[in-house]
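I am opening a notebook on a structure that is new to me, and I want to look things up one at a time. My entries go from the whole chain down to single pairs of residues.

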Amino acid sequence: MAFLTLRVRTFLVMLFIVVMAFVLTGIFSLFHFREEYKNYHFERLERKESAILSHLEYKIKPYQNQKLTTDQWSEVLAGVVEEIGNIHHLDVGIYAPSGNLVTGSALYNDGIDVLPDHVLPRVVDGVAKRFGRKVVEDTDDHYILSVSELLGKDNEVSLVVVIPYELAGEGIPEDDYEFLRELAWLYSVLFLIGVLLALFLSNYIANTYKVIGEKLKNVRLNRSNEKISWRYNDEIGMLIGEYNRMVEKLEETAVELAKSERESAWKEMAQQVAHEIKNPLTPMKLTLQMMERSKDLEDVKEMSRSLLEEVASLTHIAEAFSRFAQMPELVIGTEDVDSLTERTCVLYADRGVYFEGGEPAFAKVDREQWVRIIHNVIKNALQSVAEGVEPEVRVRVVRLNKTIEVAVADNGAGIPEDMKEKVFEPKFSTKSSGMGLGLAMVKNLVENFGGTIVFNSTAKGTTFLIQLPLEEPNTAA
């Protein structure tokens with residue numbers, strides 16, 4: 001079930017162990033006291049039995065070998081049984097060898113009612129054996145009946161002696177019950193301590209795994225991940241050791257992956273640059289061949305101007321590639337994005353660029369690179385407008401609740417559907433006057449400032465939307 005987390009399961013298992021230990025200890029103690037109580041009374045009965053038999057043998061010794069009848073034994077033992085009962089504080093029953101009751105005392109526990117009317121001797125191979133002892137229990141009281149024989153001449157049974165011994169109460173003395181009550185109180189304290197200890201240990205184990213889980217959740221390939229220190233070489237230590245080794249391997253993999261990505265990017269970039277440089281070389285070669293054959297000075301001048309234009313194009317490609325590859329170090333501070341954007345837009349006022357804003361909006365940016373971002377987005381917007389159409393680029397800065405929104409909207413022809421996914425890729429533009437490195441650089445810089453850039457393009461124009469985290473001016477360093 002969902003609520004049975006590792007912490008809950010650990011706590012319940014430990015609590016179950018504590019409860020079972022207490023229950024089993026209590027049951028064992030109760031059983032032990034009962035057995036001890038019963039053994040005590042058996043031993044006491046044995047001592048009483050031995051004393052009574054010795055006393056009885058002394059009293060009947062003169063009559064033991066006379067083979068008296070039941071009535072004669074009854075006359076002889078009439079006063080002896082009560083005398084012995086008074087001395088030893090136990091009732092005694094005397095039986096003839098045939099098993100019939102001769103006489104008995106009823107001084108302490110209504111012995112006549114407890115004593116059976118008849119006892120059967122055990123006979124093995126025709127020889128009477130000793131009766132031994134048996135325990136008799138009824139629904140109301142508990143008695144131990146000790147059955148013994150008095151032997152006469154030739155080991156013949158002269159008399160059978162039955163001694164009823166009552167076990168009072170439920171088998172455990174009050175002192176033992178008092179001890180059990182004190183033990184229960186002690187167990188209650190120990191149970192509370194056990195619960196607290198189980199709660200502490202379950203929280204300790206669960207929190208340890210929670211820390212490991214949080215670390216695993218925050219593992220990233222593109223940054224340095226924090227290791228976990230653990231001073232015990234236990235199962236948790238083994239798990240943490242594997243995590244630390246994974247972090248080390250991840251860092252090595254990240255370095256190799258970054259190196260591979262850089263090599264792949266520069267390889268692709270080199271191919272694109274080679275392609276762009278190769279394009280103007282063909283017309284330059286043809287122009288030079290024509291200059292060799294031409295003798296007209298005006299034609300030569302015209303060809304020279306064409307060559308200069310192609311060289312300028314190559315220079316522009318090289319400069320743009322250099323700027324993209326340079327990746328200058330950022331100097332980030334809290335700047336008024338609204339003011340910086342307005343000053344940049346003023347430079348394009350005569351080319352159809354309009355600024356909307358005026359409310360201070362601070363964000364953490366690099367001052368120079370933010371100006372560079374606005375320049376690139378505006379130039380890209382102006383270049384998207386077809387020839388013969390009056391350009392109209394509107395730049396708007398809006399301060400929202402927690403962000404700053406900078407929108408640049410143009411009235412160009414829009415971005416073709418099949419090119420939308422490649423807008424921010426560092427590839428060259430299909431236009432003869434520019435390359436595709438500007439927007440790639442813009443995206444890279446905006447993300448370094450903690451912002452985002454997206455666009456929406458239709459046949460009536462394109463709008464680039466930049467969002468930056470808002471900063472209050474009093475937080476500036």
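What follows are my entries on the chain as a whole, its sheet, its cores and its salt bridges.

**Entry 1: the whole chain**

I note at the start that this is a predicted model, and I keep that in mind for every value below. I looked up the secondary structure and found that the chain comes to 10 helices and 14 strands. Of its 477 residues, 34% count as buried. I then asked for the exposed surface, which comes to about 30100 Å², with carbon and sulfur atoms supplying 55% of it. For the contacts with a separation of 6 or more, I found that residues 24 or more positions apart account for 62%.

**Entry 2: the sheet**

In what order do the strands of the open sheet run? I read the order as S9-S11-S12-S14-S13, which makes 5 strands with mixed pairing. The edge strands are S9, covering 353-356, and S13, covering 452-458, and each of them pairs on one side only. From one strand to the next, the twist averages 15°.

I then looked inside the sheet at S11 and S12, which run antiparallel and are joined by 6 bridges. When I followed one residue across, I found that Val398 has Glu405 in S12 as its bridge partner. As a general reminder to myself, strands of a sheet pair through backbone hydrogen bonds, either parallel or antiparallel.

**Entry 3: helices on the sheet**

Which strands does H8 lie across? I found S9, S11, S12 and S14, with H8 running at about 160° to S9. H9 also packs on the sheet, where it touches S9, S11, S12 and S14, and the direction of H9 makes about 165° with that of S14.

**Entry 4: the cores**

I looked next for the largest nonpolar core and found that it has 34 residues, with Trp370, Ile373 and Leu468 having the most contacts inside it. Several elements give two or more residues to this core, including helix H8 (337-346), helix H9 (367-383), helix H10 (437-448), strand S12 (403-409) and strand S14 (461-469). H9 gives the most to this core, with 7 residues.

Which residues does Ile373 touch, leaving aside those up to four places away in sequence? I listed Val442, Leu445, Val446, Phe449 and Ile466. Apart from this core lies another, of 23 residues, and among them I noted Ile52, Val161, Tyr165 and Leu167.

**Entry 5: salt bridges**

How many salt bridges does the count come to? I found 8, and I followed several of them by residue.

In one of them, Glu335 is joined to Arg367, with the closest N and O atoms 3.0 Å apart. This pair links distant parts of the chain, since Glu335 is in strand S8 (residues 332-336) and Arg367 is in helix H9, 32 residues apart. I checked whether each partner is buried or exposed: Glu335 counts as buried because its relative accessibility is 18%, and Arg367 counts as partly exposed because its value is 42%.

I came back to Glu405, the bridge partner of Val398, and found that Glu405 also forms a salt bridge with Arg396, where the closest N and O atoms are 3.9 Å apart. Glu405 is at 17% relative accessibility and therefore counts as buried, whereas Arg396, at 34%, counts as partly exposed.

The pair of Lys443 and Glu447 has its closest N and O atoms 3.0 Å apart. Both residues lie in helix H10, 4 residues apart, which is about one turn of the helix. Lys443 is partly exposed, with a relative accessible area of 27%, and Glu447 is partly exposed too, with 43%. I also noted that salt bridges that share partners join Glu356, Glu392 and Arg394 into one network.

**Entry 6: one residue of the long helix**

Last, I looked up Thr25, which lies in helix H1 (residues 6-60). Thr25 counts as partly exposed because its relative accessibility is 29%. I then took the separation of the C-alpha atoms of Thr25 and Tyr187, which is 9.7 Å, although the two residues are 162 residues apart along the chain.

Terms used. Residues numbered from 1 in each chain as written. Predicted model: local features only at pLDDT ≥ 70, side-chain atom pairs only at ≥ 80, totals over all residues. Heavy atoms only, no water. Core = buried A, V, L, I, M, F, W, Y, C linked by side-chain atoms within 4.5 Å. Buried < 20%, exposed > 50% of the residue type's maximum accessible area, 1.4 Å probe, protein only. Contact = heavy atoms within 4.5 Å. Pairing = 2+ DSSP bridges. Axes fitted to C-alpha atoms, helices over the stretch in contact; angles between N-to-C directions. Areas by Shrake-Rupley, 256 points an atom, 1.4 Å probe, with all protein chains shown as cover. Salt bridge = Lys/Arg side-chain N within 4 Å of Asp/Glu carboxyl O.
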